[in-house]
Amino acid sequence: RRDLAIALRERLGDWFRVVELLKASSTAGSTAQCEAAWDNIGEYFAERSQWESAREYFEKAGNTERLIQCYQQLEDYEALESTAANLPEKHPLLPRIAEIFVTMGMCPEAVSTYVKSGSVQLAVEASVTLNQWDQAVVLAEQHNSLADIGRLLDKYASTLLAQGTSLEVVQLYRKAGRFLDAAKLMYQMAEEEAQKRSKPLRLKKLFVLAALLVEEYNTQRQITHSSVGNKSTAVLFADPADAHVKMLDSTWRGA
């Protein structure tokens, strides 16, 4: 009896033979039996890192979870995008696919997949991780979580400062539209270089860059640079208690 032979091969784990017997069977076996056999053959190839063969059988078995791993190992990101597009909203596998996109620096794909999974906060964090602050701000505005952007930005900036990469922090602040924070850090760098008696040309460049960042802040706030009395219009619009007022009032002195 062929059904007993199939059952025996299943117990022995001889899934290749199970498939042969199912194909030769007049009833061709149940869908569940076929999928179980294909799935186990897929596992056989996956254990041996034969990902292309594993992919073939996992596709036959409809094992999406294991297919995601195959696509990742094969670096088939188009297949991952297609899988994410075909999964329903809030499917539990969507965050896993998004994580792969983040690992590969694929920000738009990661963001859209996280949003589809309902994890907007993770989408924002992915944008931050990949230094796509424009995308992060847009997401935060759409989902009323702008406060989180500042928190994540400061946390990332602190990490970079601890690593001694001040220029990267300046670029980070600038990309996030925090021009005054960038300018303040640039002024600090210039003052430190002055104490080290660095070359005048280097000092001048640092002060000029800091001043340009302040000008970007002025432009951002749509403030003209015409003077009123002894103070710039930027200072008039600033909070008197703001620590940046002094810097705004003497933008180009160091340069």
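Reader: Which helix holds both Glu56 and Lys60, and how many residues apart are they?

Author: Both sit in helix α4, and 4 residues separate them, about one turn of the helix. Keep in mind as we go that this is a predicted model.

Reader: What makes Glu56 and Lys60 a salt bridge?

Author: A side-chain nitrogen of Lys or Arg has to come within 4 Å of a carboxyl oxygen of Asp or Glu. For the side chains of Glu56 and Lys60, the N to O distance is 3.8 Å. That value is within 4 Å, so the pair counts as a salt bridge. As for the general idea, side chains of opposite charge can pair when their charged atoms come close.

Reader: Why is Glu56 called partly exposed?

Author: Partly exposed is the range between the buried cut-off, under 20%, and the exposed one, over 50%. Glu56 has a relative accessible area of 39%, so it falls in between. Lys60, at 38%, is partly exposed by the same reasoning.

Reader: How do you know that Glu216 and Arg174 meet in a salt bridge?

Author: Their side chains come to 2.8 Å, N to O, and the rule asks for within 4 Å, so the pair qualifies. Glu216 belongs to helix α14 (residues 200-220) and Arg174 to helix α12 (residues 166-175), so this bridge ties together parts that are 42 residues apart in sequence. Glu216, at 24% relative accessibility, is partly exposed, and so is Arg174, at 43%.

Reader: What makes Arg178 and Asp181 a salt bridge?

Author: The closest N and O atoms of Arg178 and Asp181 are 2.7 Å apart, which is within the 4 Å limit, so they count too. Arg178 has 24% relative accessible area and Asp181 has 23%, so each is partly exposed. Elsewhere, Arg55, Glu59 and Asp76 are joined into one network by salt bridges that share partners. By this rule there are 11 salt bridges.

Reader: Why does Ser127 count as buried?

Author: Buried means under 20% relative accessible area. Ser127 has 0%, so it counts as buried. Ser127 is found in helix α9.

Reader: Which residues is Ser127 in contact with, leaving aside its neighbours within four places in sequence?

Author: They are Cys107, Val111, Gln132, Trp133, Gln135, Ala136 and Leu139. Take Cys107: it is 20 residues from Ser127 along the chain, yet their C-alpha atoms are separated by 6.3 Å.

Reader: Which residues of helix α5 are buried, and what do they pack against?

Author: In α5 (residues 64-74), the buried ones are Arg66, Leu67, Ile68, Gln69, Cys70 and Tyr71. They pack against α3 (31-47), α4 (51-61), α6 (77-86) and α7 (94-103). After α5 comes Glu75, whose phi is positive, near 55°.

Reader: What lines the second largest pocket?

Author: That pocket holds about 160 Å³ of space. Its lining is made of Val102, Tyr114, Leu122, Glu125, Ala126, Val128, Thr129, Leu152, Lys155 and Tyr156. Helices α9 (120-129) and α11 (146-162) each supply at least two of the lining residues, and α9 gives the most, with 5.

Reader: How do the residues of that lining divide into nonpolar, polar and charged?

Author: There are 7 nonpolar, 1 polar and 2 charged residues. Glu and Lys count as charged, so Glu125 and Lys155 are the charged ones. Thr is in neither the nonpolar nor the charged list, so Thr129 counts as polar.

Notes
Residues are numbered from 1 along each chain as its sequence is written. This is a predicted model: local features need pLDDT of at least 70, side-chain atom pairs count only at pLDDT 80 or more; totals for chains, interfaces and linings use all residues. Side-chain values use heavy atoms; hydrogens and water are left out. Buried means under 20% relative accessible area, exposed over 50%, partly exposed in between (1.4 Å probe, protein chains only). Contact means heavy atoms within 4.5 Å. On a 1 Å grid over the protein atoms alone, a cavity is a set of points where a 1.4 Å probe fits but cannot get out, and a pocket is an open set with protein on both sides within 12 Å along at least five of seven lines; lining residues have an atom within 4 Å of a point. Grid points are joined across faces, edges and corners, and a volume is the space filled by probe spheres set on the points.
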